[in-house]
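Please open the model in your viewer and keep the selection panel handy. We will walk through it stop by stop.

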Amino acid sequence: MTTRARGAAAMALAAALACNQGLEPALAPTSCPHGFVGVCGTVSFVGQVPESTAKVFVVAFDTFPRSQNDLFKFKPQLDPTILPLGGPPFFYTLQLPPGHYEWVLAVWQKQGPTLNATNADTLLRETGFYRDRGDTTRHGSGIVIVNAGTSTDSIDFVVDFTNMHRVCDYFRPCP
Amino acid sequence: MTSSALLALLTALASAALRAQSAVVYGTVHVESGGPLRFAQVVVMGSNLGTLTDSGGHYRLAPVSPGVVIVRARFIGYVPAFDTVSVAAGDSVEASFVLHPSVIDGLPLVVVGPVVVTAAKRSQLLDQAVTSVAVVSDTELARRAVSTVDEAVDKAPGVQFLNGQVNIRGSTGYVQGLGSRVLLLVDGVPANQGDRGGINWDLVPLEDVQRVEVVKGAGSSLYGSSAFGGVVNVITRDISVGWHGRVRASGGAYANPPYDVWRFRDYTGGREGLDVTGSYGTNLVRGSLTAGGWHSDGYREQDRQNHWQAAAKGVWAPGPATRITASGSWASDQYEVPLVWCTRGACDDRGLTYQPFKIATQDTGTFTRSDKGYLTALVERTSSDHLAWQARGSWLRTRFTDLRQGADDYGIANRLGAELRAVSRPTAGRVVTVGAELARSDVRTNIFTGDTSSTDTVVGTHTQAEFAAYGESEQLFGRARLTGGARVDYIAVDGGGLSAVVSPRLGGVLTTSRGAWRASLGRGFRAPSLAERFVSTTVPPFRVIPNPNLRPETAWSGELGNATRLSAALHADAAAFWTEAYDLIEPSVNGSAIQFRNVTRARLAGLDVALAAQPPIRGLTASLAYTFLYARALASDSAPGGPLAFRPKHLLTLSADYQWRAVSVGGDFRYASRFERVELYSNDDRVAEKVLDLRASLEQGPLSVRCRLANALNYIYNQVPRTLAPVRTLSVTLTWTY
């Protein structure tokens, strides 16, 4: 191979490597993606979102919290799914490790200081959770199973901004 | 007698005294066949002293300042030759050269330079260094038309920047700027932050940078903590005699997102800046001052930045063997912080899974003010032709305030340092370097407090003291140079007990017909930063808790390398390297708490190859640099094994430049393979890095115009999770030099 040919080959290699596209727009899913492990479903919104809203997010507890100290034992710890602040029904995906989950819920967070255990009751509200149809108990029985390598679809629930509950509602008395 | 006449008389007397105490370097320049070479140029590098040979090939350089100087001989059509010469006051030293043709069999030879490096805390030729050193010269800095030091070093072989955090052979990975495993030196003075251990790459204006040396592999045997994976030494410009000035104006524009659905503003973002440098020098005193600033709209939402900087340097040479230098810089940045990009639901996502140019609505308004500066004073003296010593003191100060919704964090840190070093040449072929170093870091902060309560209103102060002594000896045995040395560091935190770390190193260079072989084995270590020990904050939903009991992380690092000319037009430098790391400090998640712990035992091994070619087209040069990296965390009782996060297995840089008269064009292509593993958001899409930079320049007398098109293909990618890497950016720099 001549020097010119080697140079041309190197340029062609560089061009070929460079032509490959980088990140591209990815449409939000409307059903559980193939290979996804976790839960998916549709959230519907009721009521006007409060002006003091910082964010609304979905998390799951593998056992229903027994005390305020259990409140931070939700999954996923790092990357809970953020919900839009109202609007049309929203298809969500929540990545979870395989297992048994007793409470899949939406949490409303108020604008304010950095969240910690002592101000959780002030800043957080339960604003909707998944329950089995026909269950009318206070917490509902909404057990969700996530099997290894698969996703669990149709974990649908309603986020009701007019009916949000403080943490202390579950661990009375409220101050 | 008027004061000006008195000054003139004193100046004349001082000059006469300088001449009386200076030295002479003399010799001959011959060609390979043995004949003398007339009109060859011989110069003392780094000075204005030069001459031409006579018809017998003889030359004489005087007055030469005593000390160690590099003498270069060159002639058109021949490869330049260099020699390191040690001269004492009043001495006469011979340095003769034989020049070799730069064209063999019709092909031009590749000339690799510059050749002087300071990796061993003293000047030495590049091919005498026992570890790999990459040099980014002022020519390359200018040619690349970059704005900051990190942009200039980013394309050096084996070096990769991740959102401002430098990696040499994969040393650091990415830890949000904390705890760099690379040590930054400014003219040999340590400049890592006193609190976080990270690096402010905008500390020194690029205008003032002469060259950057990147020392690869553990350098703790000379440099101590942080030189775990390598050392980056930024060397500022010498100040020339007479009046000089430089004005540099730049302007540029960022490309808009390549897809309409990603658009986030209705205008094109710009960037503009201005730097002015002035200097004046005589043989006795020299001084320079640089000031400037720039503004950037940024290439994504909430990414605007203002930067202001000033730097000054003064040199006083009271005697031919003594030089006193004082320098300092200050930089202030006010910038919006884009944090992480917007994911679905967190902003107006337009029906997409993520919006890489936008941020979450709740992060709006996050802002940082960062001020940093340093002062340093250096006394250098050549006591005799066998002994030179230097003493320095330094002060580095950083201050940051992070303004975000709900909480403001701040930290004010100081790092005071002092060093006394001597370089002795007791016999021919032997060089001994010894020294002692002190450093004291302190921080006053509301985030690195060590407080374990849940409140964030506590303000705390912490200190770390370091005491060190080191020594290294080099001996020439025929064609081999052997080096051995060690450094012992004592570290005390908050006035507590001292913990000691010993860092030895052995190395050698052997010159053969197959090039120069180098080998080294040494120990590296990094003391945990005050931030890693005492950080106490909340990163929702996590509480980050302190760990005052962190131990230094350590490593054994070795390499075997060879630099050789493969053909008349091809120069190669290759090195195999291996690092065994112990007690690496990593963030560890336990329930809702994050804590820095000594958790990881790791192995980083691989191969560095750098080729420089001069194809048979006049004016064309090309280079290739490739690094293969095997980076694995080894399994232990407390941590599983697997790939180390944020390390690419393959790192490739192709460069080419073509010069025709006053015009030059060129480009770099960088490929970094997709990270096998990242921390945080590991299920996000991620791609390899494939970035093409193009450049063009025109020089006409004192004016030059340089254009740079960074990321010319507007390749959209991220290195750090949910942080968009820079998009296509066009910049034009106009420089006037007096």
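Here is a tour that starts with chain A and then moves through chain B.

Before you select anything, keep in mind that this is a predicted model.

**Stop 1: chain A**

Colour chain A by secondary structure. You should find 2 helices and 11 strands. Followed along the sequence, these elements come in the pattern α-β-β-β-β-β-β-α-β-β-β-β-β. The chain has 175 residues, and 26% of them are buried. Of its contacts with a separation of 6 or more, 73% are between residues 24 or more positions apart.

Now zoom in on Lys75(A) and Pro76(A), which are joined by a cis peptide bond with omega of about -10 degrees. Pro76(A) belongs to the loop between β2 (53-61) and β3 (81-83) of chain A.

**Stop 2: the two domains of chain B**

Move to chain B and give residues 22-101, domain 1, one colour and residues 124-737, domain 2, another. How far apart do the C-alpha centres of these two domains lie? The distance is 36 Å. Across the boundary, 14 residues of domain 1 of chain B are in contact with 11 residues of domain 2 of chain B.

Stay on the domain 1 side of that boundary. Both β5 (67-74) and β7 (81-87) of chain B supply at least two residues each to the side that touches domain 2 of chain B. The most comes from β7(B), with 4 residues. By type, the residues on this side of domain 1 of chain B are 6 nonpolar, 7 polar and 1 charged.

**Stop 3: the open sheet**

Keep β5(B) and β7(B) selected and add their sheet partners. The result is an open sheet of 4 strands in the order β3-β2-β5-β7 (chain B), with antiparallel pairing. At its edges are β3 (50-52) and β7 of chain B, each pairing on one side only. On average, neighbouring strands of this sheet are turned by 20 degrees against each other, direction ignored.

Look closer at β5(B) and β7(B), whose antiparallel pairing runs over 7 bridges. One place to click is Val69(B), which has Val85(B) in β7(B) as its bridge partner.

Before leaving this part of the sequence, select Ala62(B) and Pro63(B): the peptide bond from the one to the other is cis, with omega near -5 degrees. Pro63(B) sits in strand β4 (residues 58-64) of chain B.

**Stop 4: two hairpins that share a strand**

Next, select residues 480-493 and 499-512 of chain B, which are strands β33 and β34; they run antiparallel and are joined by 12 bridges. Within this pairing, Gly485(B) stands opposite Arg505(B) in β34(B). The hairpin formed by β33(B) and β34(B) has 5 residues between its strands, and Asp494(B) in the turn has a positive phi of about 50 degrees.

Extend the selection to β35 (residues 515-526) of chain B, which is antiparallel to β34(B) and joined to it by 8 bridges. Here the hairpin has 2 residues between β34(B) and β35(B). Thr512(B) has Gly515(B) in β35(B) as its bridge partner.

**Stop 5: two loops with a positive phi**

Most residues other than glycine have a negative phi. Our last two selections have a positive one.

Leu339(B) has a phi of about 45 degrees. It lies in the loop between β25 (322-336) and β26 (341-343) of chain B.

Finish at Arg661(B), with a phi of about 55 degrees, in the loop between β43 (650-660) and β44 (663-672) of chain B. Is Arg661(B) buried or exposed? Arg661(B) is exposed, because 8 other C-beta atoms lie within 10 Å. Leu339(B), with 16 C-beta neighbours inside 10 Å, counts as partly exposed.

Conventions. Residues are numbered from 1 along each chain as its sequence is written. Chains are lettered from A and ligands numbered from 1 in the order in which they are written. This is a predicted model: local features need pLDDT of at least 70, side-chain atom pairs count only at pLDDT 80 or more; totals for chains, interfaces and linings use all residues. Domain bounds come from an automatic or database domain assignment. Two residues are in contact if their C-beta atoms, placed from the backbone, lie within 7 Å. Ala, Val, Leu, Ile, Met, Phe, Trp, Tyr, Cys and Pro count as nonpolar, Asp, Glu, Lys and Arg as charged, and the others, Gly among them, as polar. Two strands pair if DSSP finds at least two bridges between them. Axes are lines fitted to C-alpha atoms, for helices over the stretch in contact, and angles run from 0 to 180 degrees between N-to-C directions. A residue is buried if 20 or more other C-beta atoms lie within 10 Å of its own, exposed if 12 or fewer, and partly exposed in between; C-beta atoms are placed from the backbone.
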